[in-house]
Amino acid sequence: MQNKDIKRLTLILLFAPFALWILLLIILPHIGMVVLSLKEKVAPRVYEYSFANYLDFLHEPIYWNTLLRTGSMSLLVTALALLIGFPIAYYIAKIAGPRARGGLFLLCLIPLWVSDLIRSFGWILLLRETGVISNFLLWTGLIGQPVEFLYNDAAVIVGLVYTVILFMIVPLVSTLDGMDNSMIEAGYNLGGNGFTVLRRIIIPYAMPGIVAGCIVTFMLSAGSYLTPILLGGKNSSWFTEQIYNQFITRFNWEGGAAFGMLLLLFTSIVIWLGLKLSGQTLANTVAKS
Amino acid sequence: MNGCPTPILPAGAFMKQDNPTYDLECLDIAKNFGSVRAVKGVSFDIPSGSFFSILGPSGCGKTTLMRMIAGFEEPSGGDIKIKGKSVLGVPPNRRNVKMVFQHLALFPMMNVYENIAYGLRCAGFGKDHIRRKVHDVLERIALPDVAEREIHQLSGGQKQRIAIARCMVLDPDVLLLDEPLGALDLKLREAMKIELKLLQHQFNTTFIYITHDQSEALVMSDNVAIMNQGEFEQIGTPQELYHRPNTAFVAGFVGDSNRWSGTVKASDGTGGKVETEQGLPMSFSAGAGQTIRDGAKVDIFVRPEFIRTVRTAEAAAIAADGDNRMDGVIDSLLFNGANSRVLVRTGSGELIESDVTLTGDNDLKPGEDVSLVWSSKQAMCFARQESA
C-alpha cells in the first residue's frame, strides 16, 4: 500500500514541472489570447465580445496577403531545407564512418551556439552594399558599382534556410540511421538503379523523418521574427511583423491576439494538409523521432 | 540436375573457360582491405542447378566472397564469371545474381506484392506480366494468399520464403543466400533447411549458401567448400568432407571429434603407431592425401560415433586386432534420445566423447568401468601445422 503511494507521489513530482509548464506557458496564454482576440473596443476602456478583430483581418487585403506570403515563403524555405538537408543527412547517416559522423553532426550544431541575432548579423556583413560579397564582386570587376544584396526575399529565404536546416537534418539522420544498409543493397541487387533505389526505397523509408523535419522547419520559419526583419528590412512583410506592429506599435492587443491565433490556425491547417497528402500521422513522424 | 555427380575441382585443374555448364566460376579471386587479406586467391566452379555451400567460422572471408559475387565489393585480383562471362566492373544491378540477405532486407514500406514486383518493375515489365509473375511465384512458394499482406504481418518462415520469391521471380543465374536462417528459432530453422532444399529443387537454380552452421551446410548441399582465413581448405560433397577431410581444420570443424596430439613412433606413410602427449599408444591411418613420417608431430581426430563403448568385462570379445582400446570410467551421460553420448574419463584424466545407443534396458551408467574401442581406420591423422 505504502509502496503504491510512493510510486504515485514520484509520478506526481516528476509530472508537476511538465504540467506547470504546459499550463502556465502554453495553455493559459493561449486561453488569454483567445479571450483577448474576441474583444472589441467600442469606447475608451469599454469592450464587447465580437469577431470584429477577425473581420478586420478579412477586410484588409494587406493582412491576409502577408499571411499567405509568409505561408508560401515558409513552404519554399522548407522545401529548400529538405533539398539541401537530405544529402547532408544521407552523408552523415550512411556514407561517413562512425567517427566522422559525430564530428559532422557537431559541425551542424555549431551555428546553434551563436544567438539568432549574431547569425543574422553575419549574413548582413556578407550581403550588405558595403559587405564582403559586394566588395569581392567589385574587386573582380564583375560589377561596376556596389550592389545591395540585403532587403529582398532571396536574402530572407537564405537566412531562414540557414537557421532552420539543422532541424531538418536531425530527424532525417535519425531515421536514415535506423535503415539497414542491406535494404539499399537489396534495392540495387534486385535491379534498381540509383534513382529507383532513392525513389522507391530510401525516400519512402525516410518519409517519417522527412515529414517530421518539414513540420518543424515550417513552424519555425513561419513563426520566426528576427531573421525576416533583419535581412528583409521594413518591407519584408512577414506575418509575425504584423503581430508585433499590432501589439507594440499600434498598442492594439486585441488585434494582435487575433493575428496570433490566425497564424497558429493557418500553420496548423497547412501541417494537417501536409500530413494528409503524405499519408503520415503525427504519431509516426514527430512523436517518433 | 540435383545431386550432380560431377565432383567440383579447383578451377585451375581444367581450363574449360567458357563451359556453359558452370553457372559461376571464380578464378583466383582475392580481396584486400588495406593490409588485411580477407580473401586469398579462391578458385571454384559451380555446376548449373546445384546447391553449393561455403562453410566457415565467422571472419573467414565468406561474406566478403559473396559480396564480390553480388558486385558490392570489387575484387583486388582474379576473375568472376557468370554463365561464362566475366562480370568484373558490372554494377550489382546489372548482374543476374540475386541475394537473400542475412536479415532478409524486405522493404517494410511495401506489401508482399510490391516487394516481389519491385525487381520486375526495375526490369521494365508491363503491369499484366508483373501481376502474372508475382502470383505465379507466390503459388510456387505455397503462399498464394499473402500478396496484400504487410511485411510485419508475416511469420519468420513466411518472410524467408518471400525473400526467396522476390529473387526467384527474376530468374537469376545464381541465388546467393547469406546465412538467412540465422535469425530463426531452432525448430523453424530445421523446417526451413528442408524447405530451402525443396525450393532449390523446384526452381532448379544454382544456390550458393553461406553459413557457419555445419548442419545447415551438410544437410542441404550438393557440394560444400570449407573456408578458413580467406582460403578454401577443401571442396567436396558433405560425405567426403566428413569422412575424408584433407586437413586438420576440416576434420575439426566439420562434425564432432575427439582430438589428440602426439608424436609418430612408427609409420609406413599411410598408417602406423603414435604416442599421444598423455603417453598412450594409438594406431592411426593418415588423413586423405597425407604422408606421415616417423617422428612427426601430429593431430589425431576420432569421431564419437566410431568409438564403441563397452563394459570392460566385454571388451576383449569385440576388439579386433589392431584396434585402439582405452579404459576409463563413465564421467557423465548426456542423454539426447538417438544422439545420446557418454563422457568417459580415461586413466590419464582426459575426457573422451563417445556416441552410445540407449535402449532404456541395462544401459551404461555414470561410474561404470568401460572400455573404448575404435578401429585405426577411424583415427584420422594430420601432420601438425606450426601455427595451430
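**Figure 1. Burial between domain 1 and domain 2 of chain B in the predicted model.** Domain 1 of chain B and domain 2 of chain B bury about 600 Å² between them, and carbon and sulfur atoms carry 50% of that area. Buried area denotes the accessible area (1.4 Å probe) that two parts lose on being put together, summed over both. Tyr242(B), Pro245(B) and Asn246(B) supply 69% of the area that domain 1 of chain B buries against domain 2 of chain B, more than any other three residues. The domain assignment places domain 1 of chain B at 11-247 and domain 2 of chain B at 256-383; such bounds come from an automatic or database domain assignment. The C-alpha centres of these two domains of chain B are 39 Å apart.

Residues are numbered from 1 along each chain as its sequence is written, and chains are lettered from A and ligands numbered from 1 in the order in which they are written. As this is a predicted model, local features need pLDDT of at least 70, side-chain atom pairs count only at pLDDT 80 or more, and totals for chains, interfaces and linings use all residues, while side-chain values use heavy atoms, with hydrogens and water left out.

**Figure 2. Contacts between the two domains of chain B.** In this view, 7 residues of domain 1 of chain B are in contact (heavy atoms within 4.5 Å) with 7 residues of domain 2 of chain B. The rule finds 0 salt bridges across this interface of chain B, a salt bridge being a side-chain nitrogen of Lys or Arg within 4 Å of a carboxyl oxygen of Asp or Glu. Between domain 1 of chain B and domain 2 of chain B there are 2 residue pairs in polar contact (both at pLDDT 80 or more). A polar contact is a pair of N or O atoms within 3.5 Å; within protein, one must be able to donate a hydrogen and the other to accept it, and residues adjacent in sequence count only if both atoms are side-chain atoms. The side of domain 1 of chain B that touches domain 2 of chain B comprises 3 nonpolar, 3 polar and 1 charged residues. In this classification Ala, Val, Leu, Ile, Met, Phe, Trp, Tyr, Cys and Pro count as nonpolar, Asp, Glu, Lys and Arg as charged, and the others, Gly among them, as polar.

**Figure 3. The interface of chain A and chain B.** About 1,700 Å² is buried between chain A and chain B, 63% of it on carbon and sulfur atoms. Here 18 residues of chain A are in contact with 24 residues of chain B. Asn189(A), Leu190(A) and Arg200(A) lose the most area to chain B in chain A, together 44% of what that side buries.

**Figure 4. Polar and charged pairs between chain A and chain B.** The rule finds 2 salt bridges across this interface. In a salt bridge, the side chains of Arg67(B) and Glu185(A) meet at 2.7 Å, N to O. The interface also holds 6 residue pairs in polar contact (both at pLDDT 80 or more). Helix 8 (181-189) and helix 9 (194-223) of chain A each supply at least two residues of the side of chain A that touches chain B; helix 8 of chain A gives the largest share, 7 residues. Helices (H or I, at least four residues) and strands (E, at least two) are DSSP runs, numbered from the N terminus. By class, that side of chain A has 8 nonpolar, 7 polar and 3 charged residues.

**Figure 5. Domain 1 of chain A against domain 2 of chain A.** Chain A is divided into domain 1 (1-37) and domain 2 (52-278), with C-alpha centres 32 Å apart. Contacts join 5 residues of domain 1 of chain A to 10 residues of domain 2 of chain A. The area buried between these domains of chain A is about 600 Å², and carbon and sulfur atoms give 75% of it. Met33(A), Leu36(A) and Ser37(A) supply 80% of the area that domain 1 of chain A buries against domain 2 of chain A, more than any other three residues. Across this interface of chain A the rule finds 0 salt bridges and 2 residue pairs in polar contact (both at pLDDT 80 or more).

**Figure 6. Two annotated spans of chain A.** The unreviewed UniProt entry lists residues 12-38 and 154-173 of chain A among those under "transmembrane region". Residues 12-38 of chain A are 96% helix and 0% strand, with end C-alpha atoms 35 Å apart. Residues 154-173 of chain A are 100% helix and 0% strand, and their end C-alpha atoms lie 27 Å apart. UniProt positions are given in the numbering used here, feature names are shortened, and annotations may be inferred rather than shown by experiment.
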